[in-house]
Amino acid sequence: MYYKIGVGIGLAFAVFVLLVLVLNEKKKTKQVMYDEMQTAVRGRAYQYATVTGVLSGIITSFLLDWDAFPMDGSLAIMAVSFLMITVYVVYMVMKGVYFGVSGKWKKWTLLIFIIGLCNLITGILRIAEDGLPEGKLTATNITVIMGVMFMVIVVAVIIQKLREKRNED
């Protein structure tokens with residue numbers, strides 16, 4: 001079962017990378033540039049994400065050992081990784097540097113929303129259809145965590161853009 005999931009994720013990733021490479025060759029756009037302040041914020045975001053990963057990894061290991069989490073170890077490790085990514089991106093979004101100087105935030109936010117929504121729907125339908133083996137989330141339910149991560153990022157972008165608009169007025 002895990003083999004099929006790995007092959008599916010691998011094929012989807014390969015198609016995505018190939019598509020990005022083809023589109024980048026076709027359309028040479030301006031690279032997103034970061035100024036000194038944005039580079040410093042990116043460094044701070046890496047620090048926060050790393051500390052979050054270390055602390056949440058330690059806490060998760062204890063909670064899994066005590067059977068306090070309704071998930072298995074493989075999903076917990078992936079959840080910690082996705083939490084680190086979420087902390088990194090949300091911190092940068094809230095500081096206003098995630099999209100750089102020339103980034104197209106509307107396009108990327110819409111894409112993140114669509115990916116998150118598809119992951120949530122897929123994950124919820126899988127749980128509704130297959131249930132939870134032994135009452136725990138497993139690695140096959142990673143789409144739920146991915147969907148939540150993407151939706152948190154979308155909400156952070158919307159909140160930041162509303163704050164920016166309010167500050168302009």
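This is a short group-meeting talk about the chain shown above.

Hi everyone. Before anything else, keep in mind that what we're looking at is a predicted model. Let's start with the overall layout and then walk through a few residues.

So, which pattern does the chain follow along the sequence? It reads α-α-α-α-α. That's five helices and zero strands. The chain has 169 residues, and 28% of them are buried. Its accessible surface is about 11600 Å², and carbon and sulfur atoms hold 69% of that. Now take the contacts between residues at least 6 apart in sequence: 81% of those join residues at least 24 apart. Please hold on to that one, as we'll see some examples in a minute.

Okay, on to the loop between α2 and α3. Helix α2 covers 36-65, helix α3 covers 73-94, and aspartate 67 sits in the loop between them. What is the sign of phi at aspartate 67? It's positive, about 55°, although this residue is not a glycine. Here's some background for anyone new to this: most residues other than glycine have a negative phi. Is aspartate 67 buried or exposed? With a relative accessible area of 56%, aspartate 67 is exposed.

Aspartate 67 also has a partner. Its side chain meets the side chain of lysine 136 in a salt bridge, with 3.5 Å from N to O. Why do I like this pair? Lysine 136 is in the loop between α4 and α5, while aspartate 67 is in the loop between α2 and α3, so the salt bridge ties together parts that are 69 residues apart in sequence. As for lysine 136, that residue is partly exposed, at 27% relative accessible area.

Stay in that loop for a moment, because methionine 71 is there too, and at 12% relative accessibility it falls under the 20% cut-off, so it counts as buried. Which residues does methionine 71 touch, if we leave out those up to four places away in sequence? They are Leu64, Ala76, Lys136 and Leu137. Notice Lys136 on that list: that's the residue we just saw in the salt bridge with aspartate 67. There's also a C-alpha distance to mention here. Methionine 71 and glycine 135 are 64 residues apart along the chain, yet their C-alpha atoms are separated by 8.2 Å.

How many salt bridges does the model have in total? The count is two. The other pair is glutamate 164 with lysine 161, where the closest N and O atoms are 3.3 Å apart. Both residues belong to helix α5, and being three residues apart there, they are separated by about one helical turn. Glutamate 164 is partly exposed, with a relative accessible area of 27%. Lysine 161 is partly exposed as well, at 22%.

Last stop: the surface of the model. Which residues form a nonpolar patch there? They are Leu110, Phe113, Ile114, Leu117, Ile121 and Leu125, and together they have about 530 Å² of accessible area. Let's pick one of them, isoleucine 121. You'll find isoleucine 121 in helix α4, which covers residues 105-130. Isoleucine 121 has a relative accessible area of 44%, so we call it partly exposed.

If you want something to try on screen, find aspartate 67 and follow its salt bridge across to lysine 136. Then look for methionine 71, which touches Lys136 too. Thanks, that's me done!

Definitions and conventions
Residues are numbered from 1 along each chain as its sequence is written. This is a predicted model: local features need pLDDT of at least 70, side-chain atom pairs count only at pLDDT 80 or more; totals for chains, interfaces and linings use all residues. Side-chain values use heavy atoms; hydrogens and water are left out. Patches are made of residues with over 30% relative accessible area and no salt bridge: like charges are joined within 9 Å, nonpolar side chains (Val, Leu, Ile, Met, Phe, Trp, Tyr) within 5 Å. Accessible areas come from the Shrake-Rupley method with a 1.4 Å probe; for residues, only the protein chains shown count as cover. A salt bridge is a side-chain nitrogen of Lys or Arg within 4 Å of a carboxyl oxygen of Asp or Glu. Helices (H or I, at least four residues) and strands (E, at least two) are DSSP runs, numbered from the N terminus. Buried means under 20% relative accessible area, exposed over 50%, partly exposed in between (1.4 Å probe, protein chains only). Contact means heavy atoms within 4.5 Å.
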